[in-house]
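Me: I'm new to this one and would like to find my way around. Could you walk me through it?

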Amino acid sequence: MRVDAKDMGADLKQVLITKEEIDAKLVELAAKIDAEYAGKDLLIVGVLKGAVMVMADLARALSTPVTMDWMAVSSYGAGTQSSGVVRILKDLDTDIKGKHVLIVEDIIDSGLTLSWLINNLGSREPASLKVCTLLRKPDAAKVAIDVEWVGFDIPNEFVVGYGLDYAEKYRNLPFVGTLAPHVYGG
Ligand SMILES: O=P(O)(O)OC[C@H]1O[C@H](OP(=O)(O)OP(=O)(O)O)[C@H](O)[C@@H]1O
Ligand code: HPA
Ligand SMILES: [Mg+2]
């Protein structure tokens, strides 16, 4: 398997979603989002750090003019299991009352982060609040969440790349893949 020039090939088990598949999916999602928000002011909120790549590429695929803000929350720390405790590391810079808000996520795994975020942002009285995520693990869901736009449903395995990390590494891989067991100390 040719991975890339970043010398991480030995750490990877499998490429699940290629860069080309991600690019095509974001164009498809952007067209649907454009249709939904035609004629409206849209604020897209990226959830740091994982959603940086999705935000950057989705925003450029949209025709709708958007403003962008960021929230940093963390529930995973350095491990592969959600702690269930969500901490705000950085709040939004802007007041979202009366605004159309789209949360952009890299992944919905247990759903705990997003469920907490939807409650938190929902209480700020936005005109609308919807969610777009690149990845979702249906078999890992601990809470049910209404998500308008999902890129790919994936198996219940820990994935890295395209913003997603394991202990802060692998975020800059251009694709989504699984890690070899030795990386976890297995
Ligand atoms: O559905 P859940 O089980 O709650 O998991 C999803 C969340 O976990 C990851 O963030 P993480 O806490 O690792 O922070 P990071 O984006 O900075 O890596 C990911 O980016 C999502 O925000
Ligand atoms: O599978 C995952 N990989 C990386 N970060 C994550 N955060 C939740 N699930 C994941
Ligand atoms: Mg993480």
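Me: Let's start with a strand pairing. Which residue in β7 does arginine 136 stand opposite?
Reply: Keep in mind that this is a predicted model. β6 and strand β7 (residues 149-153) run parallel and are joined by four bridges. In β7, the residue opposite arginine 136 is aspartate 153.

Me: And on the β5 side, what is the bridge partner of isoleucine 108 in β6?
Reply: β5 and β6 run parallel too, with eight bridges joining them. For isoleucine 108, the partner in β6 is arginine 136.

Me: What hand does the unit made by β5, α3 and β6 have?
Reply: The two strands here, β5 and β6, run parallel. Together with α3 they make a β-α-β unit, and its hand is right-handed.

Me: Is threonine 113 buried or exposed?
Reply: Threonine 113 sits in helix α3, which covers residues 112-122. Leaving aside residues up to four places away in sequence, it touches Val73, Ser75, Val86 and Glu105. Its relative accessible area is 18%, and the cut-off for buried is under 20%. So threonine 113 counts as buried.

Me: Over to helix α2: within what arc do its buried residues fall, seen down the axis?
Reply: Helix α2 spans residues 52-61, and its buried residues are Val54, Met55, Leu58 and Ala59. They line one face of the helix, because seen down the axis of α2 they fall within an arc of 115 degrees.

Me: Which elements do the buried residues of α2 pack against?
Reply: One of them is a helix, α1 (19-36). The full list is α1, β2 (42-48), β3 (66-74), β5 (100-108) and β6 (128-136).

How values were computed
Residues are numbered from 1 along each chain as its sequence is written. Chains are lettered from A and ligands numbered from 1 in the order in which they are written. This is a predicted model: local features need pLDDT of at least 70, side-chain atom pairs count only at pLDDT 80 or more; totals for chains, interfaces and linings use all residues. Side-chain values use heavy atoms; hydrogens and water are left out. Buried means under 20% relative accessible area, exposed over 50%, partly exposed in between (1.4 Å probe, protein chains only). Contact means heavy atoms within 4.5 Å. The arc is that of the directions from the helix axis to the C-beta atoms. Two strands pair if DSSP finds at least two bridges between them. A crossover is right-handed if, with the strands pointing away from the viewer, the path from the first strand over the helix to the second runs clockwise.
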